[in-house]
Amino acid sequence: MTEAPLLEVAGLSVDFATRRGVVRAVRDVDLSLRAGECLAVVGESGSGKSVTARALLGLAGTGARVRARTLSFEGRDLRRLSGREWRRLRGRRIGYVLQDALTSLDPLRRVGHEVAEALEVHGLADRDDLDDQVIGLLAEAGVPDPDVRFLQYPHELSGGLRQRALIASAIAARPSLLVADEPTTALDVTVQAQVLDLLRARVRAGTAVLLISHDLAVVARLADQVSVIYAGLVVERGPADALLRAPAHPYTADLLAAVPAVDGPARELPLVRTGPPAAGGCPYAPRCALADDRCRAEPPPPVPYGPGREVRCFHADRERPVPASGAAAAPPRVKDHAVVSVRGVTKRYRSPGGSWRTAVDDVSFDLRAGEALGLVGESGSGKSTTARIVLAEIAPDAGTVLLDGEAWSVPRERDRRARRSRIQLVDQDPLSSFDPRFTVERVVGEAVPGRMSRRLRRDRVAGLLAEVGLDDALLDRRPAQLSGGQRQRVALARALAPRPEVIVCDEPVSALDVTVQAQILALLARLRREAGVALLFISHDLGVVRQVCDRVAVMKDGALVETGDVADVFRAPRAAYTAELLAAVPRIDVGWTTERAAPAMNLEGLP
Amino acid sequence: MTAPASYGPAALPRLRVGAAQAGVALAAAFFALVCLAALAPGLFAHGPDQVNPALALRDPMPGHPLGTDQLGRDVLARLVFGARPSLLVGVGSTLLAGLAGSAWGLLAALGGRLVGEAAMRLADVLLSFPAILMALLVVAVLGPGTRNAVLAITVALAPGFARVVRAQALVVRGSAYVRAAVNLGLTPGRILLRHIAPNVVAPLLILATINVGTALIAGASLCFLGLGPQPPAPEWGAMLAQARDYLDASWTLALFPGAAITLTVMSATVVGRALQARYEGREAG
C-alpha cells in the first residue's frame, strides 16, 4: 500500500444556489483512496455524503458549484473534464452503485441488457459471446442461475438480486473505483450480508471502493478507512477499527452510542440532542456535550490524532461525559390478560399467474396488556400483512382476531368502528399518513375523541405534543415543514390521542437517523411506562427490536418460526432461521459503550 | 444531469427566475378586468344598445374608440356589456360541469364496482364526441338561449371532470391518511367530507380554470351560430357572427370581438396553467 493514491481529493466544496441563499453542502473535504482499499464516508441524512459522491462522478447537478484544490483520479486532473470526458470516465473507470435498485433499473429491459449496455457503451462488448460475458458478470456479482436471470425483468427479481444486477453492471467495465451510495440500505439483513461480502471480494480483488453509508455497522464490516462527515465537514477521519473502537470526535461517539446492539443485555440508548448544525463555529456545537464558548466562536481546524487520524475538535482528548440515557424508572407493567389474540390467522392472495400465494400462514399469538411484542422477519415474510389483519384493515381468510376477548375480525366495519380507537397505528412514513392540507393541530386534533370547543381541543393537542416532547409552537405548522423525527412524534401524538390499549408500530424508526431513532425508541419506552400501552412492534432491525421489546415473534414465509422472550431468543435461538438472521446482522465492536453505567442525568430538553 | 461540474472559484449558476411570471401577472390582470367588466359594465362604457344610423360602420374615431357597428352602436360599449353573457356561458357552465362531474366521479370511485363501471363507460361514450358537437346536440333538443347554451356546454364538459375526479378520488382513497382516518374510527361520510372531497377538489379548481377557456370558446361558437343569447343582447360570439356580414365594409368590426374572445381564453388558460405548475411544484416539494 505504498503506491500513489488512486483517488486524491483536497479541499472539495460543493455549493448549491437555492431560493434562500447559498447552501454549502460540502466544505473543504479531503479524501484519499488507494487500490484495494475501502473508504467509508459516514454521516446522517443531509450531512453531504451523497453530494460528495456525486461530485466525484461529475454528477453534482446543474445548480451546483463544485470547487477543489486537488481532484485527481488515476493521475488525471478531473477538474477540467468536459461532460463528454466525464461520460467516458463514468462506468468505464468509476463504477456507481445506487441505493435504489428498482428505480435505477429500466423496468422495460431485461436485466441482461442492462449489464450488456455497460459493456457496449464503453466498447468492451464482444459481439460473438456478449451473452456469456453478461452471464459471467452476473455470476461474479453473486446472482444465482445467471443464465436464467439475465433474461428476466427487474420486477421479477428480489431486491437483493436487483442490487446484485446493478453491481454487475457497475463492475462490467472493470472500473478501478466503485462508488457505492448506501448499497445495502433497503435490503434484508441476510441479503445485506451477502452484498457486503460481494463488495468485500471486489476490494480484495484490487478495486477501490468508496462506500457512502449512514450505517456504522455496515461500515465496520467493510471499510478500511472512515471519514465521518457532519454538515458537509469531515469531522474525523482515520483507520476504521481505531476510529470505531475509540472515536475522537463527540459526534462519532454519539453516533456509535446510538446504535442499538443485538447482543448483550438491553441497554438504554443514550439520548443525544438533535437539531440543525450551527452556522458559525463548530457545526456540532449545538448538540455537543463538550461545547464551550470557543467551539461556538471559531471552527476547529483539523488536528492530527494518533496514527493516520485527524479530528476537527478542540476537545478530542477530553473525557467525555456519559450521554444522558432514557433510563427506565420502573419496568413497564405487563398484565396477564391478552389485549389482542391472533388465532390461526391465514391470508392468501392470488398472484398474477393465477396461483395462490399464502402471505400469512396459520399465525397465532397473544399481545398482553402493556407488553411490547416484536414481529421480525425479512421483507415478504408476512409481517405487514399480519399487522393489517390485527388492525382489521383486511379480513383473514381463516382464523380470528380478538380484541379484549371480543370478536374483532368481524365482517362488518360498522360493528368495529366504535372500538377502532383502541388500536392505533404508527407507520414508517408518517408524512403520507397526514392529510396534506392539515396543520399539526388538526392532524392530532382529529384523533382526540369527543365533541369540544376548538380552544379546548387545541389545549388537548398541545398536551399530547408535550407528551411526545414537542413544543406547542408546532401546532400551526404543516407536517411537511417538520423534520423526520418531529413527524414521527406527531404520528405518535395522534396515535396516543384516543388513549389506545395497543399501538401497532410498522417500521416506525427505519427511515430515521440513528440519533433520532434513539430518541424515538426512548420515547416509545416512556410512553409504554406512562400510558401503559401495548406495542406490536414490526421491524426488520433486530437491534431495535432487542431494545424495545419484551417478547419477539420471528416470521418466515408467512409462518411463525419462533416466539419467546427477546433476551432468550436472541441469546439462544431455537429455530435455525432465527440463528441465520442473527448471524447476518453486522456488528460493531463498541466495548466502551456497553461497559459504562447509566447514571441519571439532567434530561432537560430531551424526551 | 450530465452537465460538467465547474471547478475553481466560478460564479454560482443563477436561479431561473420565472420570466413567465410577468406574463402570468399580465394574464391574471386581464382576466380580472374582464371579470370586473362582467360584474359592473357601467364602470367602463354606456349604452350598448344605443342606435345611431348616421354613424354606422365607422372605423375607430374619437368618441367611438373601437368604431361602430352596422346600426351605429358603439363597439366598445357592446364588448364591455358582452363580457357578462360571454363569461356567464364560459364560467357558469364550467362551474356546473365541475359540480356535476365531481358528484359523478366520486360516485364512480366510491360507489362500488358496478356503479363505477357504468358511470365511467357512460363518460367514455360522451367523451368520444367533440365537446361542440355534444353541445349542439343538447341545444338542438332544448332550443337556443343563454340558459340552454350553459346547460349544453355543461353536458359536454362534465364527463371530463368526472374522469379526473374519479382518478384523484381513487388515489386519495388509497392514501395513508385515509387509512389513518379509518383507523381512528371515523365514519365513511365524515372521511368523504373531511379528507377525500377536499383533497380531490384542490386539483379540480385548477382544471376548472383551464376549462374556462374551452367553455368560453364553445359558448362563443354556439352564439356565433345564433344558438346563445338572442339579439340585440351583446355577446362576443354573436357580435362576431354579425360582423361577418359586413367584413367588406369594416374589418375592424370582426377584429375586436375576436380579439376579446382570444385574449380572454388565453388569459384564463395561462392563469390555469400557472396555478397547475405551482400546485404540482408544491406536491413535489
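This section describes a predicted model of a complex, its confidence, its chains and their contact.

The predictor assigns the complex an ipTM of 0.76 and a pTM of 0.78. For chain B, the mean pLDDT is 83. In that chain, 91% of residues reach 70 or more. Among the elements of chain B, α6(B) has the highest mean pLDDT, at 92. The lowest, 80, belongs to helix α9 of chain B, residues 252–284. Residues 1–17 of chain B have pLDDT below 50. Beyond near neighbours in sequence, this stretch still has 35 contacts in the model. Where pLDDT is low, predicted coordinates should not be read in detail.

Chain B contains nine helices and zero strands. From the N terminus on, its elements therefore read α-α-α-α-α-α-α-α-α. The C-alpha trace of chain B spans about 75 × 65 × 35 Å along its principal axes. Of the 285 residues in chain B, 41% are buried. Contacts were also sorted by separation in sequence. Among those in chain B between residues at least 6 apart, 68% join residues at least 24 apart.

Helix packing in chain B is illustrated by one pair. Two packed helices are described by the angle between their axes and the distance between the axes. Helix α2 (residues 75–110) and helix α5 (residues 146–173) of chain B have axes that come within 4 Å. These axes cross at roughly 40°. The crossing of α2(B) and α5(B) is right-handed. Their contact involves 23 nonpolar, 10 polar and three charged residues.

Helix α1 of chain B covers residues 20–39 and includes Cys35(B). Cys35(B) has 15 other C-beta atoms within 10 Å, so this residue is classed as partly exposed. In sequence, Cys35(B) and Val51(B) are 16 residues apart. In space, their C-alpha atoms are 26 Å apart.

The contact between the chains takes 25 residues from chain B and 41 residues from chain A. On the side of chain B that touches chain A, α6 (176–183) and α7 (188–224) of chain B each supply at least two residues. The largest share of that side comes from α6(B), with five residues. By class, the residues of chain B on this side divide into 15 nonpolar, nine polar and one charged. The helix with the largest share, α6(B), is also the element of chain B with the highest mean pLDDT.

Chain A carries an open sheet of eight strands. The strand order is β7-β8-β9-β3-β10-β11-β13-β12, and the pairing is mixed. The edge strands are β7 (94–97) and β12 (303–304) of chain A, each of which pairs on one side only. At one edge, β12(A) pairs with strand β13 of chain A, residues 310–311. The pairing is antiparallel and runs over two bridges. Within it, Pro304(A) stands opposite Glu310(A) of β13(A).

Two helices of chain A illustrate burial. Helix α11 of chain A, residues 250–258, is mostly covered, with nine of its nine residues buried. Its buried residues include Pro250(A), Tyr251(A), Thr252(A) and Asp254(A). Helix α4 of chain A spans residues 111–121. Its buried residues are Val111(A), Gly112(A), Glu114(A), Val115(A), Ala116(A) and Ala118(A). The buried residues of α4(A) pack against three helices of chain A: α5 (130–140), α6 (146–149) and α7 (159–170). After α4(A) comes Gly123(A), with a positive phi near 65°.

Positive phi also occurs at two alanines in loops of chain A. Ala231(A) has a phi of about 50°, although it is not a glycine. Ala231(A) lies in the loop between β10 (225–230) and β11 (233–239) of chain A. These two strands are neighbours in the order of the eight-stranded sheet. Ala231(A) counts as buried because 22 C-beta neighbours lie inside 10 Å. Ala392(A) has a positive phi of about 60° and is likewise not a glycine. Ala392(A) is found in the loop between α13 (383–390) and β17 (398–403) of chain A. With 20 other C-beta atoms within 10 Å, Ala392(A) is buried. The cut-off for burial is 20 or more such atoms, so Ala392(A) meets it.

Terms used:
Residues numbered from 1 in each chain as written. Chains lettered and ligands numbered in written order. Predicted model: local features only at pLDDT ≥ 70, side-chain atom pairs only at ≥ 80, totals over all residues. Contact = placed C-beta atoms within 7 Å. Nonpolar A, V, L, I, M, F, W, Y, C, P; charged D, E, K, R; others polar. Pairing = 2+ DSSP bridges. Buried ≥ 20, exposed ≤ 12 C-beta atoms within 10 Å, placed from the backbone. pLDDT = per-residue confidence, 0-100. Axes fitted to C-alpha atoms, helices over the stretch in contact; angles between N-to-C directions. Left-handed = near helix turned anticlockwise from the far one by under 90°.
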